[in-house]
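User: I would like to go through two acidic positions in this model with you, one question at a time.

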Amino acid sequence: MATKDELCRERSDAKGVDRRPTHVRWVVMGIVMAIMAVTAMNRLNLSIAGKYIEEEFSFSTISMGRVFSAFLWGYGLFQIPWGYVCDRIGPRRTLTWSILCFAVGSAAMVFAPRFATATGLSALVVFRIVRFLTGVGEAAVSSNVTRVIASWTAPRERGFASGLQVCGLGLGGTLTPIAIAWTMVHWGWRVSFAISAALAFLVVAIWHWYATDWPEENPRVNQQELQIIHPQQEKAGTKVQHVATTVPWMKMLTSLSVWGLILGYGFQGYAFYVYYNWFYFYAVKMRGLDIMHAAAWTSAPFLAMAVLSPVGGWFSDRVARVTDRRKGRLAAVWVGMGIAALLLYTGNHLTLTVVALPMIALAAGFTMFGAANFWASCIDLAPGYSASLSALMNAVGSLGGVVSSTVTASIAVHQGWVPALDVAVWVTIGSGLLFTMVDANHSIG
């Protein structure tokens with residue numbers, strides 16, 4: 001098998017030096033978007049199927065909140081181990097195994113009630129176990145994708161590429177509510193989980209066939225594209241160091257930028273999971289919509305995320321080119337979180353549903369306008385071990401989601417949905433303020 005250096009020489013010698021750069025990195029980004037989309041589907045499917053499961057097994061709203069939280073415990077606890085493994089061995093194998101894991105977890109939901117009957121366990125316990133294991137599989141995805149972006153894109157493309165990462169999540173969230181709701185109505189909730197698992201198996205096959213850990217290893221990438229991806233190393237004639245020999249945890253944990261990043265993302269995670277877990281319930285129980293209309297509206301926040309997240313990344317890249325990266329990332333986060341908080345508060349207090357729901361959906365989109373820059377900042381701060389840093393960040397974001405799942409349910413049950421969403425408004429503002437501490441100009445490595 002050819003070494004990396006031999007592959008680079010072959011690219012340079014073949015067909016002369018005037019070859020146009022290939023665009024393999026954007027194909028890889030397309031596969032990344034597909035991975036994020038199926039990840040969203042296999043996470044969000046329970047939010048839509050939850051109403052059917054709740055009725056079939058006589059679960060309370062608080063019990064469903066515990067099922068949602070079970071996923072997030074697995075998702076949060078395994079972020080850092082998966083991220084560390086990725087930085088040490090590369091993302092290709094790590095992503096392959098993680099996608100297979102959550103695909104199996106989604107498929108297991110189909111058989112969970114039978115397993116509960118056979119073992120004598122309660123259906124609630126079995127659902128929580130299966131969703132915990134699904135969360136373990138999904139825990140690797142975002143940090144590994146961040147590592148792919150760090151290695152496969154140029155520094156001036158990081159914001160936009162990180163926006164595409166979030167865009168994939170939004171596209172999956174856009175399609176999932178309608179597809180899952182239609183499937184449930186015609187074939188039942190079990191088939192919806194089987195379809196989600198099948199799509200994950202398809203995407204992991206494409207990823208494993210096409211992608212490599214690093215662009216230097218991929219025979220489809222020519223030397224001209226490598227010069228775009230790693231301009232400084234190519235000019236200096238130095239070898240690109242990809243695999244982290246060590247991860248400087250103490251440097252990360254003593255960095256003000258890291259604490260601003262992870263705490264800000266924890267607050268963002270709280271707000272994000274209000275849209276992710278509870279928007280469908282809100283549309284049905286607070287706004288009185290039927291199943292299909294609620295499913296259609298549940299797609300709206302994710303459509304807004306898909307559109308606005310790459311815009312937020314592009315916006316920060318453009319501002320960074322005329323100022324610096326810190327100001328670019330900060331401007332995008334402040335604009336995103338500020339507008340999101342305003343829209344969420346206004347929509348939550350409007351009585352006219354046809355106006356209120358689009359405003360809340362746009363609030364979700366502007367949250368992701370800002371959130372894309374949290375992921376880009378992981379690469380800015382720690383390009384050599386961005387999977388570990390983004391895993392740490394996402395672990396804290398998951399804890400925010402755990403709190404959101406239970407606190408939102410509790411407030412909604414005891415005080416109503418309006419106060420529950422008002423809490424998310426203030427948390428969103430807090431996320432933007434905490435990001436002020438992040439200095440994306442200086443690497444902590």
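User: In which helix is the place of D422?

Analyst: This is a predicted model, in which local features need pLDDT of at least 70 and side-chain atom pairs count only at pLDDT 80 or more, while totals for chains, interfaces and linings use all residues. Residues are numbered from 1 along each chain as its sequence is written, and side-chain values use heavy atoms, with hydrogens and water left out. Helices are DSSP runs of H or I with at least four residues, numbered from the N terminus. On that basis, D422 lies within residues 417-434, which form helix 18.

User: Which side chain makes a polar contact with the side chain of D422?

Analyst: D422 is buried (under 20% relative accessible area, 1.4 Å probe, protein chains only). It has no salt bridge (a side-chain nitrogen of Lys or Arg within 4 Å of a carboxyl oxygen of Asp or Glu), and the nearest side chain of opposite charge, R287, is 10.0 Å away. A polar contact (N or O atoms within 3.5 Å, one able to donate a hydrogen and the other to accept it) is made at 3.1 Å by the side chains of D422 and N348.

User: Is D87 buried or exposed, and which side chain does its own side chain contact?

Analyst: D87 sits in helix 4, residues 79-89. Its relative accessible area is 0%, so D87 is buried. Its side chain makes a polar contact, at 2.9 Å, with the side chain of R147.

User: Within what arc do the buried residues of helix 4 fall?

Analyst: The buried residues of helix 4 are Q79, W82, G83, C86 and D87. Seen down the helix axis, with directions taken from the axis to the C-beta atoms, they line one face of the helix because they fall within an arc of 135°.

Key: Helices (H or I, at least four residues) and strands (E, at least two) are DSSP runs, numbered from the N terminus. Buried means under 20% relative accessible area, exposed over 50%, partly exposed in between (1.4 Å probe, protein chains only). Lys and Arg count as positive and Asp and Glu as negative; His and the chain ends are not counted.
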